[in-house]
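Q: Please take a close look at one part of this protein, its largest nonpolar core. Which residues touch the most other members there, and how does the core sit within the whole?

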Amino acid sequence: MNANRTRVALAGLVLTVAATGCGSSPTASTGASGASGPSAAEKLYAEIGPLSGQARRDKLVELAEKEGTLDLYTSMTSDVATVVTDAFADTYDVEINLYRAGSETVLQRILQERGAGYQGNDMVETNANELFALNKEGLLGTYAGERRDLVPEAGRFDGWTATRFNLFAPSWNTTLVPAGQQPKTWEELADPKWDGKLSMELADYDWYLTLYTYWQQQGKSAADIDKIFADMANGAKIVKGHTVQGELLSAGQFSVVASNYSYIVQRAKTKGAPVDYLPFVEPIVARPNGFGLMKSAKHPAAAMLFADWMLQEGQKLLVDEGLTPAIVEGDDPLKQLKIIPIDVKTLVEKGPEWSQRYEKVVAGGEVLSE
């Protein structure tokens, strides 16, 4: 196999609707009687689910290589997506057709294809919000197996499974913030000394919701919590996108970032940028990212093989890329730290409310041009 077998869709949102697929349901097969039932993909997931060990892997490899293709939609960063898909394609005789975009665009594409009666992907790997929404639409099949059972409860959901966790952490420019002067609590981000020196991300309402709820559980009043966030945003530089935010932090455009992903900062630090996020500010806010198998996948065995592989061999690759894997085997470097997972159910059910509340918070800062 060859890494070049992975084809990446670089164009924007393009819907290719097969003429024979128009008007058909993307989630169920229809028998001669006209009654809907489990799709062929769902039947395969149910057949393979109870298998384990080498017998399961051998069966999936046999079926997947007969299918020959995996259509994968993902919002992984391009470099991580390339590393992961190339490694898989180098191991198995399965060609990956990869569409990579932002999580909202990935969701939009899948829903638009569904509306057109066309199933374009076998599997989706993206953020918790979008996976929860896809499952609510009834598009994701049931995935079971011994590797999924090793994923912590905070990463196991109906219809999807976490492959990794994004950890929200304050980070700082070590040239502008001398050792020992970095924020040591979330509350310290509200200190007036950071006015004009702090950056907040434009759409981090999941982090906002989680920290807000945690503080309420710890006994803080709503008024006190609102004041903390308002003081953070007062004079803050508001940036869209964690990657851009990390680049600006490295360049010294501001001193501290309130809630970047630790892996972004770690990768910049490894490359020599004057940035850090250690020691972690606790509690660490963790958001699961993962995969869902489509109910009407054209290549369900390839999708299931990739899922198993991501939860086994792929976990080490994620670690090598600086990400936090869903399954930690051996010593866990985070085991002594307090981690609070994002309440995905509340986020999806009441997302617009919390998004609007966070928009009002960051309105107190200065939005930097994209």
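**The core in its setting**

A: In this predicted model, the protein has 370 residues, for which a compact globule would have a radius of gyration near 21 Å, and because the value found here is 22 Å, the two agree. Along the principal axes, the C-alpha atoms fill a box of roughly 70 × 40 × 40 Å, and the chain within it forms 14 helices and 16 strands. Buried residues, meaning those under 20% relative accessible area, account for 52% of the 370 residues.

Turning to the part you asked about, the largest nonpolar core holds 112 residues, and those touching the most other members are Met200, Trp207, Phe229, Met232 and Phe306. Helix α11, which spans residues 300-310, supplies the largest share of this core, with nine residues. As a general background, nonpolar side chains tend to be buried together in soluble globular proteins.

Phe229 offers a useful view of how such a residue is surrounded: once its neighbours within four places in sequence are left aside, Phe229 is in contact with Trp207, Tyr208, Leu211, Tyr212, Trp215 and Val361. One of these partners, Trp207, is itself among the residues that touch the most other members of the core.

Contacts between residues far along the chain can also be followed across the whole protein, since among contacts that join residues at least 6 apart in sequence, 80% link residues at least 24 apart. On the outside, the accessible surface comes to about 16,200 Å², and carbon and sulfur atoms make up 50% of that surface.

Key: Residues are numbered from 1 along each chain as its sequence is written. Side-chain values use heavy atoms; hydrogens and water are left out. Helices (H or I, at least four residues) and strands (E, at least two) are DSSP runs, numbered from the N terminus. The radius of gyration is taken over C-alpha atoms; the globule rule is 2.2 Å times the number of residues to the power 0.38. Buried means under 20% relative accessible area, exposed over 50%, partly exposed in between (1.4 Å probe, protein chains only). Contact means heavy atoms within 4.5 Å. Accessible areas come from the Shrake-Rupley method with a 1.4 Å probe; for residues, only the protein chains shown count as cover. A nonpolar core is a set of buried Ala, Val, Leu, Ile, Met, Phe, Trp, Tyr and Cys residues joined through side-chain atoms within 4.5 Å.
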